[in-house]
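Good morning, colleagues. I should like to take you through one model, beginning with how its helices pack and then turning to the interface between its chains.

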Amino acid sequence: MNKWRHKGYYWLLVLSLILLALISLTIGKYELPFRDVIRLVRSALFSQLPEDDISAFVLFSIRLPRIIMAILIGSGLAVAGVGMQAVFKNPLVSPRVLGVSAGASFGVSLGILLFNDPILIQLLAFGGGMVAVLLTYLLGQSNRSNTVIMLVLAGIIVSAVFTSLLSLLQYNVDVDTELPSIIYWLMGSLSGIKMDDVKMASFPIILAILLLFLLRWKLNLLTLSDEEAESLGLNVKLERGLVIIAATVISAISVSMCGTIGWVGLITPHLGRMLVGTNHQRLVPVAIIIGGIYLLLIDNIARLLTSAEIPLSILTALIGAPVFALLLKKTGGNWR
Amino acid sequence: MIFRVEQGCFSYQELVLLQDINLTVQTGEMLAILGPNGVGKTTLVKCMLGFLSWSKGESLIDGNSIKGYSRNQLSKKIGYVPQLKSFPFSYTVEELVLMGRNPYINFFSQPQKEDYCQVEQVLKGFNLQHLLRREINQLSGGETQLILIARALVAGPELLVLDEPELNLDLANQLKIFETLSKLVAEEKIGCVINTHHPINALQYSQKSLLLRGKHDYLYGETREIVNQKNLAQTYQLSPTYFNIFNQKLFG
């Protein structure tokens with residue numbers, strides 16, 4: 001009976017995501033009713049698209065990549081949050097706990113300062129995030145004490161260093177041009193996303209999501225104490241390493257594509273737990289869908305609310321926090 | 001199965017914690033490990049299981065060193081029941097016990113029907129099938145401890161190692177745990193190693209005892225020869241009249 005209820009939630013969520021994606025194609029400042037969307041999709045699939053068609057350009061080069069990216073990043077951050085919460089055996093952890101955001105943000109600023117070329121900025125952001133987590137991992141290696149606490153402490157240290165390096169850069173850049181572009185980048189937006197970005201980001205993100213999806217049952221064991229998990233035959237170091245790598249790749253790419261988007265990785269796992277409980281076998285697929293819905297919804301609001309777009313990181317928390325608070329009050333923190 | 005430790009020594013940095021430990025436990029046998037806090041009982045158990053590696057000496061299963069076993073193979077042979085504590089994420093009883101099937105579930109796989117069947121069977125054996133859908137954090141201490149034992153059993157081990165299974169349990173629940181364990185030892189032909197602070201439980205249920213007294217000092221043998229007033233008073237540094245007072249007040 002329970003099983004059917006969970007299946008029901010699952011298909012309901014998938015359906016909502018598809019519906020939301022379709023609706024998202026039609027909304028925006030450029031008028032593009034649903035009829036035209038269907039016509040354009042049909043002609044794109046079965047015949048040649050008319051050249052210089054503004055509606056086709058808006059649909060396929062502006063809206064579609066943006067929607068795909070929102071779903072990819074939202075789903076990725078959600079499942080990264082689930083994975084990290086399992087690894088750290090703590091539901092308060094978000095994917096940034098190991099310093100990936102701080103490292104990637106520093107990379108963004110460095111890129112803007114040195115090259116000001118979008119692709120190089122993205123690469124530096126990704127590299128910065130990976131380097132930060134690698135440092136955290138090396139620093140947190142200890143064979144004598146609780147590795148999880150060591151990792152958290154190492155993450156705090158590395159984050160602090162990269163955050164102050166970021167401030168140092170911001171203090172020294174040109175106040176009129178470079179500083180605003182650093183700040184706006186870090187506040188997060190999907191507005192400039194092109195199909196090329198999607199092509200570049202989708203492969204590693206999908207791979208990382210797939211890895212966590214395949215490991216979903218093993219995540220249950222990771223939440224036990226290390227010794228318990230090991231006594232049950234789990235290779236804790238390997239599994240933990242894989243989850244951390246997957247979560248880091250997702251987070252680093254998300255900063256490199258659309259700035260630091262907080263809250264998705266923290267809140268969506270909890271929303272998932274309210275629906276299907278703590279069992280990661282069910283939680284992972286549900287979190288993937290909820291993450292996609294959540295970020296796509298937020299991005300739509302960012303597009304529509306005012307004539308100038310509101311940065312994503314503001315909205316994810318400004319909308320997410322009250323909603324989360326309400327749910328928390330209603331359920332009393334008892335997930336299920 | 002015959003599980004043996006031969007000349008096991010464990011030192012942490014310069015400090016020698018365990019020296020020259022020799023013990024044997026086989027199917028149908030229960031071994032109780034007793035000793036004061038901080039003397040190294042948990043370390044001994046961890047070394048036996050291979051969580052920590054002996055500095056010298058080794059643990060053997062049927063004469064083969066456990067170093068030759070992979071983590072996975074080992075957890076099919078030896079089940080471990082940790083000390084009772086709450087879980088940061090609350091699973092249902094079924095989900096938690098299912099985790100014991102991990103050695104049979106491949107890297108990217110999910111539990112199959114067979115795994116669920118095993119879980120149900122073991123819980124039935126404990127008369128706990130009604131708890132299947134309950135949340136683990138809502139169970140009583142005694143129930144949770146039984147569930148942890150069930151989790152160790154679903155992998156079908158031949159040796160069960162328990163770290164203070166009576167921790168925080170009342171006398172009735174302690175009795176229940178030990179009755180369950182000695183029934184398992186007698187019927188299902190498994191061996192049992194139990195870390196305990198209660199000599200009475202050792203006396204009543206275990207055939208063999210190991211009394212860890214200090215860094216290089218331990219007694220090992222038949223329980224009735226090891227666990228007696230003199231040895232206990234000496235090991236725990238009790239006054240010689242401790243047991244007399246206990247006797248008088250409780251039974252006098």
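Let us begin with α3(A), which passes α11(A) in a left-handed crossing; a crossing is left-handed if the near helix is turned anticlockwise from the far one by less than a right angle, and right-handed if clockwise. Helices here are DSSP runs (H or I, at least four residues), numbered from the N terminus.

A word on conventions. This is a predicted model, in which local features need pLDDT of at least 70 and side-chain atom pairs count only at pLDDT 80 or more, while totals for chains, interfaces and linings use all residues. Residues are numbered from 1 along each chain as its sequence is written, chains are lettered from A and ligands numbered from 1 in the order in which they are written, and side-chain values use heavy atoms, with hydrogens and water left out.

To return to the first pair, the axes of α3(A), residues 54–87, and α11(A) come within 9 Å and cross at roughly 145°. Axes are lines fitted to C-alpha atoms, for helices over the stretch in contact, with angles from 0 to 180 degrees between N-to-C directions. Among the residues in contact (heavy atoms within 4.5 Å) are A:Ile73 and A:Leu77 of α3(A), and A:Ile244 and A:Ala247 of α11(A). By class, this contact has 13 nonpolar, four polar and one charged residues. Nonpolar means Ala, Val, Leu, Ile, Met, Phe, Trp, Tyr, Cys and Pro; charged means Asp, Glu, Lys and Arg; the others, Gly among them, are polar.

The second pair is α4(A), residues 100–114, with α11(A): they pack at an angle of about 35°, their axes 9 Å apart, and this crossing is right-handed. The contact residues here divide into five nonpolar, four polar and no charged.

Next, the salt bridges (a side-chain nitrogen of Lys or Arg within 4 Å of a carboxyl oxygen of Asp or Glu). The structure holds 15 over all chains. In one of them, A:Arg66 pairs with A:Glu309, the closest N and O atoms being 2.9 Å apart. A:Arg66 lies in helix α3 of chain A and A:Glu309 in the loop between α13 and α14, 243 residues apart.

Finally, the interface. Each of chains A and B contributes 33 residues to the contact. Four salt bridges join chain A and chain B, and B:Lys85 meets A:Glu228 in a salt bridge at 3.0 Å, N to O. On the side of chain A that touches chain B, the largest share, five residues, comes from α9(A).

Methods. Helices (H or I, at least four residues) and strands (E, at least two) are DSSP runs, numbered from the N terminus.
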